[in-house]
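The following report describes the architecture of a protein assembly, beginning with its domains and ending with local backbone features.

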Amino acid sequence: MTEEFTISIFSENRIGLLNRITIIFTRRKLNIESLTVSESAIHGIHKFTIVVNSTEDKIKAVTKQIEKLVEVLKAYYYRNEDIVHEEIALYKVPTEALMNSNKIEELVRKHNARILEVTPTYTVIEKTGHQAETNALFKALNEFKVLQFTRSGRIAITKDNVEFLSNFIKEREKHKESLNLN
Amino acid sequence: MFMTKEKSQTDILTEAKNITGSEAIIYSLLNEGVDILFGYPGGAIMPVYDALYDHHDKIKHILTRHEQGAIHAAQGYARISGKTGVVIATSGPGATNLMTGIADAMIDSTPIVCITGQVTSPLLGSDAFQETDVVGISMPITKWNYQITQAEEIPEAFAKAFYIAHSGRPGPVLLDITKDAQFAKFNFKYKKCRHLRSYIPEPKIEESKIEEAAKIINEAKKPLVIFGQGILIGKAEKDLKEFIEKGNIPAAWTILGLSALPSNHPLNVGMLGMHGNYAPYIKTNECDVLIAIGMRFDDRVTSDLKTYAKQAKIIHLDIDPAEIDKNVKTTVAVLGDVKETLPILTKKIKSNNHDSWINEFKEAYKIEYEKVIKPALYPESGGITMPEVIRRLNEITKEEAILVTDVGQHQMMATRYFRFKHTRSIVTSGGLGTMGFGLPASIGAKIASPKRDVVLIVGDGGLQMTIQELGTINQSQIGVKIVLMNNNYLGMVRQWQELFFDKRYAQTYLVNPDFVKIAEGYNIPGLKVTKREELDEAIKKMFSTPGAFLLDIAVEKEGNVFPMVPAGASISDIMLSKEK
């Protein structure tokens, strides 16, 4: 059965690694729905968050192939209920629409969005939330003709009580010391 | 100016001040114990060749006739020696010519380090002369790759490359080095790599899993071991023997596991795969416990997964976590180097007796012997068969030789019928099925083991894919015995056309040159054999002639390899003949 999965990858910060990771998906004809990369809480370690629709068997195999990459420290996959996830969306609407109706203010309040910039010609609104929520605001705002709409990839935090990555790094440090290098 | 390390490494520089990147590459190779390179020079790698010129007493270079030849030779060398094969090529076409060999080494887990030259770093991305994105191209087929643009990166990158190529499940690694990094001077300091934070070559062994596996094995009535190259890579031949002997368990092998268990071992029940032996085929679907050791359930072994060993509990011992449950769902997975896990497992299993089960294999063998093996090995009429040539090779070499094959019918015949006394005695392209692999791979195999006879069994199609390497054999005086199974066809494809495409022989007939004359042009003596009566003497002549030799044997034109499991069928649908 196809479901939505989020794969979290922790890696060294190396040129080309993104390519190595995406090849693992493309080779199996899996489409990446969303992808976010940035430095993690641990300096020097980068985090990839990838959203893919597939079966658990396939996702499990793909996650193992990703973790097998030399510069990947750890890769995990999650169902939506295992994580807290968020996306950010930006909407550009004509300021004229804002001036001529109080509907937009109502929408901003109702959707918990905020206004980032107002110029005589356009206004930029920001909203964070799940895809369905940012989509809902888009639909509502589009009554006033949204000029531009953009949405980020997903970021996610696990609901686990154990911080697997920091334990992993500690273990690897111990292993290094046991080798008595230098 | 130079400092040397104490003790055993006195002649190898670990530190040197103000040397060029190219010299640093040579010293890095020396620090890794490399004494042979396979390669082909060109513009962007010239500084390295220039540095090599001063060190030819320590590092021998084999000049091939094509970069593909260089990498296949390095693969042959790696597979026989157990060391990492090293290849050098220039940028652009030199590097792209390596790709088939890299893909082959990746799928067959062969440790290879490829060094490619690259245009100077300011020209990167400008479509410069002989510039290709080699790192990009080789990404899906390398275990790791890296582009060096500064000389200072050389020692660390090389140390990492050798560590990654050789550790855990081995594989090919590529280092792409811009020409300016080869010229630049810096202070060299070499330190071998033994640890990378993000890379765990050998997963932690879980004793509880071994315990579970042992329990299942001890309760088994009909256990079957299937093993692969993991045994050879882990140097666990003795451990495998002790395991199957204590448990009294029949053992079958994948094409890459060949020679890890002597051919005459009473528990050796033969080959797995599309053209494997009858007994392990049918017994795979009758056993109650299937113990897979250092193998990856390739589709040529399993055929249709939906009908593969469904009745059996499956125990899988492998070093690569990504192989577990990839194709076949396991009951118990034992992660780790089989060199370590097998002895623990052996300790935990009971001595057992499965003689009546083993007898079933012998009965199945008898059927295969009467229907397939006997007529193949001892034909009474018709043209020369490939198996009878192999039988005579076995008898004359006393099963002491190293076998190298190309890909196709002759490969299946060779792996089915060639017999082995010693481990690490076969080089063949298993996963990728690379035609043209054999001739260059045999060069590397002979260099790795100069005292043993190296017999290349090759078809007339595959030989012509890399025939230019006869030039390498001539120049470097490589004493390979080339046995050409010549049927004027791309035999395996023709066999499929005969069986599954109504005998429509589309583009499989070959008009061949006079191979003995071609060999003669390269100063390689040869003989043509067309009659059965001539075969014996010709083989003897080949072995008594010093150096390389080419034996062109006209074999039965439309001979077929049986048994056969048609692609995608169930292993129970094995065909023993055209009529099934």
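Domain bounds, on which any distance between domain centres depends, come from an automatic or database domain assignment. The model discussed here is predicted.

**Domains of chain B**

For chain B, the assignment gives domain 1 (2-189), domain 2 (207-360) and domain 3 (383-555). Taken over C-alpha atoms, the centres of domain 1 of chain B and domain 2 of chain B are separated by 37 Å. Five residues from domain 1 of chain B and five residues from domain 2 of chain B take part in the contact. On the side of domain 1 of chain B that touches domain 2 of chain B, there are one nonpolar, two polar and two charged residues.

**A parallel sheet in chain B**

Chain B contains an open sheet of six strands, with parallel pairing and the order 17-16-18-19-21-20. Strand 17 (426-427) and strand 20 (526-529) of chain B are the edge strands, each of which pairs on one side only. Two bridges link strand 16 (residues 402-405) of chain B to strand 17 of chain B in the parallel sense. V404(B) stands opposite V427(B), the latter being in strand 17 of chain B.

Helix 23 (residues 532-544) of chain B lies across three strands of chain B, namely strand 19 (481-486), strand 20 and strand 21 (549-554). The helix runs at about 165° to strand 20 of chain B. In the segment after strand 21 of chain B, P563(B) is found. A cis peptide bond, with omega of about 0°, joins F562(B) and P563(B).

**Chain A and its contact with chain B**

Chain A has six helices and nine strands. Its radius of gyration is 21 Å, whereas the globule rule gives 16 Å for 182 residues; chain A is therefore more spread out than a compact globule. Along the principal axes, the C-alpha atoms of chain A fill a box of roughly 70 × 40 × 30 Å. Of the 182 residues in chain A, 24% are buried. Among the contacts in chain A with a separation of 6 or more, 74% are accounted for by residues 24 or more positions apart.

Between the chains, 16 residues of chain B are in contact with 20 residues of chain A. The side of chain B that touches chain A comprises nine nonpolar, three polar and four charged residues.

**Positive phi values in chain B**

Two residues of chain B other than glycine with a positive phi are listed below.

| Residue | Phi | Location |
|---|---|---|
| K235(B) | near 55° | loop between helix 10 (230-233) and helix 11 (237-247) of chain B |
| N248(B) | near 55° | loop between helix 11 and strand 11 (251-253) of chain B |

How exposed or buried are K235(B) and N248(B)? K235(B) has 15 C-beta neighbours inside 10 Å and so counts as partly exposed. N248(B) has 17 other C-beta atoms within 10 Å, and this residue is likewise partly exposed. The class follows because a residue is buried at 20 or more such atoms and exposed at 12 or fewer, with partly exposed in between.

Methods. Residues numbered from 1 in each chain as written. Chains lettered and ligands numbered in written order. Predicted model: local features only at pLDDT ≥ 70, side-chain atom pairs only at ≥ 80, totals over all residues. Helix = DSSP H or I, 4+ residues; strand = E, 2+ residues; numbered from the N terminus. Rg over C-alpha atoms; globule rule 2.2 N^0.38 Å. Contact = placed C-beta atoms within 7 Å. Nonpolar A, V, L, I, M, F, W, Y, C, P; charged D, E, K, R; others polar. Pairing = 2+ DSSP bridges. Axes fitted to C-alpha atoms, helices over the stretch in contact; angles between N-to-C directions.
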